[in-house]
Amino acid sequence: MKISQELIIRELKEEIQDFSVTFSEGADFSTMKLSGICSIDEETKIRNGTLYLIDPGCDVLKNAKIIQSLKKTDAVICCLGKMQEEIIDCGVSYICMIKNNKMNDEKNSSVHHLYHHIFHIIYDIFQKYESWQENLYQAIENADLQEMLDASLPIFRRSIYLADDQPEYLAASGPCLDYGGSGSQIPLEVFNYLKNDVNNNQPLSDQEPFIYPEGILNADALCQDVFLNSDYFGRIIIIDELSHTAFTPGEFKLMNIFSNAMQLLINQNYPALCKDKEKSDNSNLISLINQILLDQRIDKSQLNSVLIRNGWQKNEGCYIGYLLLYPSNVQIKSSIYYCRYITQKFPGVYAIEKNDHLVLIIRESIYPAAKEFLAKFILFIRDCNFRFGISNLCADLTQLSCYCHQAEIALNYGMQKNETIWCHWFSDYAFAYLLREASHEMPAELLCAPELITLQNYDKVKKSDYYETLKTYLDNKMNAAQTAKQLFIHQATMVYRLKRLKELTGIDYEDSDQMLYLHLSYKILEIS
């Protein structure tokens with residue numbers, strides 16, 4: 001395996017900390033071009049892709065052909081002590097290791113011992129990457145994702161995660177794993193960050209490494225997408241949880257090698273990988289619930305039998321919630337993730353995808369009052385910046401689709417009124433919905449009581465206030481004294497107005513149906 005001058009320097013700085021390492025940094029500094037190490041003296045023949053360590057006491061300038069060959073090849077020259085200025089001026093790639101405690105030149109045996117020590121260190125660096133490549137091939141042969149991540153940990157020295165498109169972790173390896181959460185599912189706070197990243201919202205076709213900027217992760221993350229044939233399969237994520245050092249161009253090259261091996265493993269062994277991962281999401285109960293939500297006929301006895309087997313009590317009801325996901329969530333299929341997250345984190349709740357959003361079935365025996373569930377669920381809604389509608393209590397599961405519609409109505413009406421509120425209850429908007437539905441088939445003016453139109457026209461001509469007087473009277477439950485007080489008029493004036501209203505419209509204050517019709521007519525006109 002070939003590695004770069006940059007990677008060798010990185011390893012040397014860690015292995016020989018009592019040395020200062022200086023080097024040339026040309027255009028090919030991060031190019032993976034070096035495949036081994038050799039010693040060099042005045043007679044050495046230079047080969048491509050080799051790092052040459054100068055023998056102690058050797059003066060390579062005595063042989064001009066060596067310098068010319070170094071300039072023409074991908075070789076790198078390395079020495080103990082300062083590099084000769086003539087070699088630097090020739091533009092040759094070089095690495096110098098200068099001992100912080102000055103070497104005693106008289107002790108040649110010590111210098112030669114140090115030379116051999118450095119030679120073996122550099123040799124071991126090449127062997128480390130060669131072994132890594134062999135381990136990648138072995139992981140491919142074994143069809144073992146975890147083995148591949150474990151083998152790559154010494155190379156990247158940061159936590160490594162492989163997430164699929166659900167997204168769930170298929171494997172994770174590292175010294176910290178702060179972002180692993182509990183179990184295989186990506187932690188909510190991490191997923192909420194990643195889903196909003198531009199890399200997730202763009203077509204998943206880029207096969208080059210990229211960096212997530214610091215954000216909720218509090219660390220840089222080097223990522224690369226992997227594909228099954230040409231379809232997006234998942235993402236390698238390497239997170240700098242401990243060292244907080246920037247990723248280098250050489251590590252981008254290593255990521256390319258790593259992802260190519262990962263992609264080869266996935267494409268060769270995908271059926272085997274998926275076999276153990278299949279889950280019975282379409283259980284009998286979920287299947288029946290989906291049929292009900294699609295308004296399909298089901299056998300009620302079958303439903304009751306399935307409910308009992310799933311621990312439901314006799315005549316147990318439920319609340320239906322409707323969770324609104326935004327377009328960015330839909331595009332990256334995050335509904336699947338949230339379904340699993342909710343089901344795992346909130347016992348007694350079934351989360352089902354419907355039209356790119358989520359329907360929640362909330363069991364009454366676990367949460368006797370919907371507010372008990374919401375007290376826990378509201379933190380999830382807030383953290384994800386979602387909006388949620390919730391139905392009245394459903395006593396008959398065969399009517400789930402109607403109660404789901406209630407939850408959706410609550411969400412739509414609530415967001416029209418105040419979109420900053422997290423949760424909306426159908427009971428708060430049922431009356432407004434009733435009135436608005438009543439006025440769908442004809443204009444509100446034709447649906448409401450004609451007496452109100454008469455009062456509006458009379459007030460317009462006479463500059464009077466009978467329309468508002470009757471409205472306030474009905475709002476105050478036909479309490480004349482309270483109405484007079486609210487209108488700032490004398491009670492005698494109020495009695496006169498009530499008499500005059502009857503003369504103008506012929507209304508009967510004793511007719512409860514007529515009073516209700518008048519009151520509803522005011523409400524219909526208000527919302528129209």
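The following questions and answers describe a predicted model, in which local features need pLDDT of at least 70, side-chain atom pairs count only at pLDDT 80 or more, and totals for chains, interfaces and linings use all residues. Residues are numbered from 1 along each chain as its sequence is written, and side-chain values use heavy atoms, with hydrogens and water left out.

Reader: How many helices and strands does the protein have?

Author: Helices (H or I, at least four residues) and strands (E, at least two) are DSSP runs, numbered from the N terminus. By that rule, the protein has 21 helices and 15 strands.

Reader: What percentage of the residues count as buried?

Author: Buried means under 20% relative accessible area, exposed means over 50%, and partly exposed lies in between, with a 1.4 Å probe and protein chains only. Of the 528 residues of the protein, the buried share is 46%.

Reader: Among contacts between residues at least 6 apart in sequence, what percentage join residues at least 24 apart?

Author: Contact means heavy atoms within 4.5 Å. Among contacts in the protein between residues at least 6 apart, the share that joins residues at least 24 apart is 60%.

Reader: Which strands are the edge strands of the open sheet that has the order β1-β5-β4-β3-β2?

Author: This open sheet has five strands with mixed pairing, where two strands pair if DSSP finds at least two bridges between them. An edge strand here pairs on one side only, and the edge strands are β1 (19–23) and β2.

Reader: By how much does that sheet twist from one strand to the next, on average?

Author: Axes are lines fitted to C-alpha atoms, for helices over the stretch in contact, and angles run from 0 to 180 degrees between N-to-C directions. From one strand to the next, the twist averages 25°.

Reader: Which way does β5 run against β1, and which way against β4, parallel or antiparallel?

Author: Strands of a sheet pair through backbone hydrogen bonds, either parallel or antiparallel. Five bridges join β1 and β5 (residues 94–99); S20 stands opposite I98, and the bridge partner of F19 is K99. On the β4 side there are four bridges, and I77 has Y94 in β5 as its bridge partner. The sense is antiparallel for β1 with β5, and for β4 with β5 it is parallel.

Reader: Which residue's backbone nitrogen does the side chain of N48 reach?

Author: N48 lies in the loop between β2 (36–40) and β3 (50–54), and it counts as exposed because its relative accessibility is 51%. Leaving aside neighbours within four places in sequence, N48 is in contact with T73 and D74. A polar contact is a pair of N or O atoms within 3.5 Å; within protein, one must be able to donate a hydrogen and the other to accept it, and residues adjacent in sequence count only if both atoms are side-chain atoms. At 2.9 Å, the side chain of N48 reaches the backbone nitrogen of D74.

Reader: Which helix packs on the sheet with the order β12-β13-β11-β14-β15 and touches β11, β12, β13, β14 and β15?

Author: This is an open sheet of five strands with mixed pairing, and its edge strands are β12 (349–354) and β15 (423–425). The twist averages 20° from one strand to the next. The helix in question covers residues 400–417, and its direction makes about 45° with that of β11 (318–324); it is α14.

Reader: In β13, what is the bridge partner of E353?

Author: Six bridges join β12 to β13 (residues 357–363), and the two strands run antiparallel. In β13, the partner of E353 is L358.

Reader: How far from D459 is the nearest side chain of opposite charge?

Author: D459 is in helix α17 (residues 450–462), and its side chain reaches the backbone nitrogen of Y467 at 2.8 Å. A salt bridge is a side-chain nitrogen of Lys or Arg within 4 Å of a carboxyl oxygen of Asp or Glu; Lys and Arg count as positive and Asp and Glu as negative, while His and the chain ends are not counted. D459 is buried yet has no salt bridge, and the distance to R497, the nearest side chain of opposite charge, is 8.6 Å.

Reader: How far apart in space are I453 and Y467?

Author: I453 is also found in helix α17, and it counts as partly exposed because its relative accessible area is 24%. Not counting residues up to four places away in sequence, I453 touches E445 and C448. I453 and Y467 are 14 residues apart in sequence, and their C-alpha to C-alpha separation is 8.8 Å.
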